[in-house]
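Please walk through this structure with me, beginning at a single side-chain pair and then moving out to the way the chain is divided.

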Amino acid sequence: MAKIAFIGLGNMGLPMAINLVKAGHEVNGFDLVAAAIEAAAKAGIKVMPSAAASLAGVEIAITMLPNGQLVLGVYNDILSAAAPGTLFVDSSTIDVDSARKAHELARAAGFAAVDAPVSGGVGGAAAGTLTFMAGGEDAAFARARPVLEAMGRKIVHCGGAGAGQAAKICNNMILGISMIGVCEAFVLGEKLGLSAQALYDVASTSSGQCWSLTSYCPVPGPVPASPSNNDYKPGFAAALMLKDLLLSQDAAASAGAATALGKHAAEIYREYVDAGHAGMDFSGIINAIREK
Ligand code: NAD
C-alpha cells in the first residue's frame, strides 16, 4: 500500500481520496475549504496544514483542482517539498498546454508525472468506477495504474505528456456536439408532430444512435435514469460542459485544428450558462433550443 498526498478535496477529489483510504492506502489531504477538510478528516484522511506539508513522506501526489493555473501554482509550491522518487498525478481537467507545463515542471525538478483526467462524474468518483485517461511515460504510468485502479474501473494509457487531457477534451467535444444534435432532432420531431418515444425507438436503433441519445436522452421518458426525468438536475453541469468545450477550443487554436462544430457548441453552451443555467444538467440545453 502506498502513502499518497491528495490535494483538492472537492466534489470529485473527496470521494476519490476516500476510495484510496478504503483500498488501504495512507492518504494525506489538503484543501483550502474548511468543509472539505472536515469531511476528509471524518473519512480517515490525514488533513495537513498546507499543500507542501501534505507531501511529507509520500510516494505519490495527486491533484484534483479546478483549472490549469491552480495546478501549476500548486506544483510550484509542492515540488520542492517532495521526496526523491515521488510520482505526480494530476487528475484535474485542464488545458493541454498547462498539462504539458506541469509535466515539464516535474521533470525539471527530477520527478515523473502523469496527467490522468477522469470521466464518470461525482457518481463514478463515489462508486470507484471512473474512467482515467492517462498521459506520461510508460514507467510513470505503470506506477500510477494500481493507485488509479482503486478509484476507477477503466484506465487507458493514451500516450505521452498531455495525451490524457487531449483524449478527455476530444471526447467531451464529441459529447457537447452530439447532445446539441440530439436536442435539435427532438425539438424538430416535436414540431413535426412526432412523439419523443417514436423518435427514440427509431434513432436508438438506427444511424442516429449515440450516447447522448441512449444513455442520456434529453427528453423525459425513453431513458428513465437520464437527468431529463429529474428536472435536469446534474448529472454533468452545463458549466462543466462549457469549461471542457472552451478547453477544446484553446487546444484547437493552439494545434491549428478546424473544429467549426466544437466552436459553435461552445457558443451555444456559453449562451445557456450566461442565461443562468450553469448549474443545470448539460442536457437541459434542449429547453433553450425549444424556446428559440
Ligand atoms: P470542486 O470545485 O468541487 O473541487 C475543487 C477543490 O479544489 C475545491 O474543494 C477547492 O477548494 C480546491 N482547491 C482550489 N485551489 C486549491 C489549492 N490551491 N490548494 C488546495 N485545494 C484547492 O471541483 P470538482 O467537481 O471536484 O472538479 C475537480 C476537477 O475535476 C475539475 O478540473 C473538473 O473539471 C474535473 N471533473 C469534474 C467532474 C464533475 O462531474 N464534477 C467530472 C469530471 C472531471
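**From one residue to two domains**

The side chains of Thr259 and Gln249 are joined by a polar contact of 3.1 Å, a polar contact being a pair of N or O atoms within 3.5 Å where, within protein, one must be able to donate a hydrogen and the other to accept it, and where residues adjacent in sequence count only if both atoms are side-chain atoms. This is a predicted model, in which local features need pLDDT of at least 70 and side-chain atom pairs count only at pLDDT 80 or more, while totals for chains, interfaces and linings use all residues. Residues are numbered from 1 along each chain as its sequence is written, and side-chain values use heavy atoms, with hydrogens and water left out.

Thr259 lies in the loop between α10 (238-255) and α11 (260-277), helices here being DSSP runs of H or I with at least four residues, and strands runs of E with at least two, numbered from the N terminus. Thr259 counts as buried because its relative accessibility is 17%, and buried means under 20% relative accessible area (1.4 Å probe, protein chains only).

On the wider scale, the protein chain is divided into domain 1 (3-160) and domain 2 (166-291), with bounds that come from an automatic or database domain assignment. Their centres, taken over C-alpha atoms, are separated by 29 Å. Across the boundary, 11 residues of domain 1 are in contact with 9 residues of domain 2, contact meaning heavy atoms within 4.5 Å.

Notes. Buried means under 20% relative accessible area, exposed over 50%, partly exposed in between (1.4 Å probe, protein chains only).
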